[in-house]
Amino acid sequence: MALYSEKVMDHFRNPRNVGSIENADGVGEVGNEKCGDIMRIYLKIDNDVVTDVKFETFGCASAIASSSMATELIKGKNLSEVMHLTNKAVTEALDGLPAHKLHCSVLAEEAIRAAIEDYFHKNQIEYIS
């Protein structure tokens, strides 16, 4: 069996939504000191809907694929849905990740939560996780 699924390889080789958003409504950055992965998520939000999302990730294939898939899963979604995105959903959408790479999907979840928190903070909305 291959280490990575075809979906992981596709999102690694052809990542979706790469880049940054100028004047983003929310920006979240997280990192994992142990593996060195750093993930930054940018959100454009209109009427509580994620109208655009971009990411910049410094990391391994799993980190890049997780970032790419996570952005695909939240684009066009309402914030209440986005706040419930889990690393499990990201992993399942990628047809799985090796056990020692599951932390990459956790980073994606955490980066999105951090970006939403940033959006709430900037707009003086109480953040309830």
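This short talk walks through one predicted model, from its strands to its core and its charged pairs.

Let's start with the strands. E1 covers 26-32. E2 covers 37-46, and E3 covers 49-58. E1 and E2 pair in the antiparallel sense, over seven bridges. E2 and E3 also run antiparallel, and nine bridges join them. So much for the pairing; now the turns.

How many residues lie between the strands in the hairpin of E1 and E2? Four, and glycine 36 in this hairpin takes a positive phi near 85°. The hairpin of E2 and E3 has two residues between its strands. Asparagine 47 sits in that turn, with a positive phi of about 50°. Beside the turn, aspartate 46 stands opposite valine 49 in E3.

Stay with the strands, and look at arginine 40. Its bridge partner is glutamate 29. The side chains of these two residues also meet in a salt bridge, at 2.3 Å from N to O. Arginine 40 lies in E2 and glutamate 29 in E1, so the pair ties together parts that are 11 residues apart in sequence. Arginine 40 has another partner. Its side chain meets that of glutamate 56 in a salt bridge, at 3.5 Å from N to O. Glutamate 56 lies in E3, so this pair ties together parts that are 16 residues apart in sequence. Put together, Glu29, Arg40 and Glu56 are linked in a network of salt bridges.

Are these residues buried or exposed? Arginine 40 is partly exposed, at 31% relative accessibility. Glutamate 29 is partly exposed too, with a relative accessible area of 44%. Glutamate 56 comes in at 32%, which again counts as partly exposed.

A search of the whole structure finds eight salt bridges. One of them sits in a helix. Glutamate 109 forms a salt bridge with arginine 113, with the closest N and O atoms 2.7 Å apart. Why are they about one helical turn apart? Because they are four residues apart in helix H5. Glutamate 109 counts as buried, at 15% relative accessibility. Arginine 113 counts as partly exposed, at 24%.

Next, the core. The largest nonpolar core has 31 residues. Which of them touch the most other members? Ile41, Leu43, Ile112 and Ile116. The elements giving two or more residues to this core are E2, E3, H2, H3, H4 and H5. H5 gives the largest share, nine residues. Take isoleucine 112 as a closer view. Leaving out residues up to four places away in sequence, isoleucine 112 touches Ile41, Ala70, Ile74, Val82 and Leu85.

Now helix H2, residues 61-74. H2 is mostly covered, with 12 of its 14 residues buried. Its buried residues pack against H1, E2, E3, H3, H4 and H5. The length works out as well. At 1.5 Å a residue, the 14 residues should span 20 Å, and the end C-alpha atoms are 20 Å apart, which agrees.

One residue in H2 deserves a stop: serine 62. At 0% relative accessibility, serine 62 counts as buried. What does serine 62 touch, not counting residues up to four places away in sequence? Tyr4, Leu97, Lys101 and Cys104. Just after H2, glycine 76 takes a positive phi of about 80°.

On to the aromatic rings. The whole structure holds one aromatic pair. The rings of tyrosine 119 and phenylalanine 120 have their centres 5.8 Å apart and their planes at 65°, so the pair is edge-to-face. Both residues are buried.

Last, some backbone angles. Most residues other than glycine have a negative phi. Asparagine 23 has a positive phi of about 55°, although it is not a glycine. Asparagine 23 is found in the loop between H1 and E1, and it is exposed, with a relative accessible area of 64%. Glutamine 124 is another non-glycine with a positive phi, about 50°. Where is glutamine 124? In the segment after H5. Glutamine 124 is exposed as well, with a relative accessible area of 75%.

To close, three things to find on screen. Look for the network of Glu29, Arg40 and Glu56. Look for the nine residues that H5 gives to the core. And look for serine 62, buried in H2.

Methods: Residues are numbered from 1 along each chain as its sequence is written. This is a predicted model: local features need pLDDT of at least 70, side-chain atom pairs count only at pLDDT 80 or more; totals for chains, interfaces and linings use all residues. Side-chain values use heavy atoms; hydrogens and water are left out. Buried means under 20% relative accessible area, exposed over 50%, partly exposed in between (1.4 Å probe, protein chains only). A nonpolar core is a set of buried Ala, Val, Leu, Ile, Met, Phe, Trp, Tyr and Cys residues joined through side-chain atoms within 4.5 Å. Contact means heavy atoms within 4.5 Å. Two strands pair if DSSP finds at least two bridges between them. The expected span of a helix is 1.5 Å times one less than its number of residues. Rings of Phe, Tyr and Trp (its six-membered ring) pair if their centres lie within 6.5 Å; planes under 30 degrees apart count as stacked, over 60 as edge-to-face and the rest as tilted. A salt bridge is a side-chain nitrogen of Lys or Arg within 4 Å of a carboxyl oxygen of Asp or Glu.
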